[in-house]
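User: Please take me through the main features of the structure shown below, with the reasoning behind each assignment.

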Amino acid sequence: MPSSISLQHSLSATIAYGFRYRTLLKQHTFLSYAAHQLQRQKSSTLPLFSSSFCRVPNLRFFTGNSLFSRMEQFWSGSSVNKNKGMIQQLQRYGVIKSHKVTEIMETVDRGLFVPDGTPAYVDSPMSIGYNATISAPHMHAMCLELLEDRLQPGMHALDVGSGTGYLTACFALMVGPQGRAVGVEHIPELVAWSIKNVEKSAAAPLLKEGSLSLHVGDGRKGWPEHAPYDAIHVGAAAADVPQDLIDQLKPGGRMVIPVGTFFQDLKVIDKKLDGSISVRSETSVRYVPLTSREAQIKGTD
């Protein structure tokens, strides 16, 4: 196992956890975070994260089936216990700090939102077909923490690229029945499946009542019907931030979106009360492009 010093020297210190990715070719990187946590937890016998998605030289500690099997042994028992174990592990390594995020992720069982037969509680993305994935749990946690202040009861949230519906369900429970959570996904088959997933989850009453909705559409155009939004999450990289999404962001609201082509940064965009925009980079990431349905199916830009 590489030491924390050699690990840090072999990696770019600017690359961190990584964020939501939409195809099997996408690579999450949370490397500086992992190096930091390795230094803090170097006496621990548990793996940092069970992940097979890192493809960086000299980072073999974070790759391979052995970590999957070790984590699967750690998270044993019923689906409820496995989901809770997953969350406890993310808390242990400082990914989840918020009590509210803990509560929501415990309430929405990840196992209901993955294909049958896949290891739902391993910290790795899972293929869901159509060149798409459900993101790794640490990414969902990071999204929720970045947006938590804009996911208060009564607020409106938009999830662009809603996939299996997991994160949209989390948003819905956070904003509650007086709020609004909208998922937009351009693959009709995924939207139909996501609705079935939500119907099995703790968010089912909100779907039935109408405060949670999932739609087929081009997420680059947002969903004007329920705008403006306090929180917008985008799950693929835009060359430039779509103006429609900026327009649909409420003054005081926040958008989290990866921006760039080959080199990408996760941008946190805040719209001030006077309508002006501030932008900061949270971390370096690698996403596939925010693109059309046809291009995604073909696996092209």
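**Overall composition**

Analyst: The protein chain has eleven helices and nine strands. The model is a predicted one.

User: What percentage of the residues of the protein chain count as buried?

Analyst: A residue counts as buried when its relative accessible area is under 20%. Of the 301 residues in the protein chain, the share that counts as buried is 56%.

User: What percentage of the exposed area of the protein chain do carbon and sulfur atoms supply?

Analyst: The protein chain exposes about 12800 Å². The part of this area supplied by carbon and sulfur atoms is 52%.

**Aromatic pairs**

User: How are the rings of Phe 113 and Tyr 166 arranged, stacked or edge-to-face?

Analyst: Two aromatic pairs are found in a search of the whole structure. For Phe 113 and Tyr 166, the ring centres are 5.5 Å apart and the planes stand at 80 degrees. Planes over 60 degrees apart count as edge-to-face. The arrangement of Phe 113 and Tyr 166 is therefore edge-to-face.

User: How many residues apart are Phe 113 and Tyr 166?

Analyst: Phe 113 lies in the loop between helix H5 (99-107) and strand E1 (126-129), whereas Tyr 166 belongs to helix H7 (residues 166-175). The pair thus links distant parts of the chain, and its members are both buried. Their separation in sequence is 53 residues.

User: Are Phe 262 and Phe 263 buried or exposed?

Analyst: Phe 262 and Phe 263 form an edge-to-face aromatic pair, at 4.9 Å centre to centre with 85 degrees between the planes. As for accessibility, both Phe 262 and Phe 263 are exposed.

**Surroundings of His 215**

User: Does His 215 count as buried or exposed?

Analyst: His 215 is located in strand E5 (residues 212-216). Its relative accessibility is 17%, and the cut-off for burial is under 20%. His 215 therefore counts as buried.

User: Which side chain is joined to that of His 215 by a polar contact of 2.8 Å?

Analyst: Leaving aside residues up to four places away in sequence, His 215 touches Val 182, Gly 183, Val 184, Glu 185, Val 191 and Trp 223. The polar contact of 2.8 Å runs from the side chain of His 215 to that of Ser 213.

**Helix H4**

User: What distance separates the end C-alpha atoms of helix H4?

Analyst: Helix H4 (residues 79-92) has 14 residues, and at 1.5 Å a residue these should span 20 Å. Its buried residues include Met 86, Ile 87 and Leu 90. In agreement with the expected span, the end C-alpha atoms of H4 are apart by 20 Å.

Conventions
Residues numbered from 1 in each chain as written. Predicted model: local features only at pLDDT ≥ 70, side-chain atom pairs only at ≥ 80, totals over all residues. Heavy atoms only, no water. Helix = DSSP H or I, 4+ residues; strand = E, 2+ residues; numbered from the N terminus. Buried < 20%, exposed > 50% of the residue type's maximum accessible area, 1.4 Å probe, protein only. Areas by Shrake-Rupley, 256 points an atom, 1.4 Å probe, with all protein chains shown as cover. Phe/Tyr/Trp six-rings, centres within 6.5 Å; stacked < 30°, edge-to-face > 60°. Polar contact = N/O pair within 3.5 Å; in protein donor to acceptor, adjacent residues only side chain to side chain. Contact = heavy atoms within 4.5 Å. Expected span 1.5 Å × (residues − 1).
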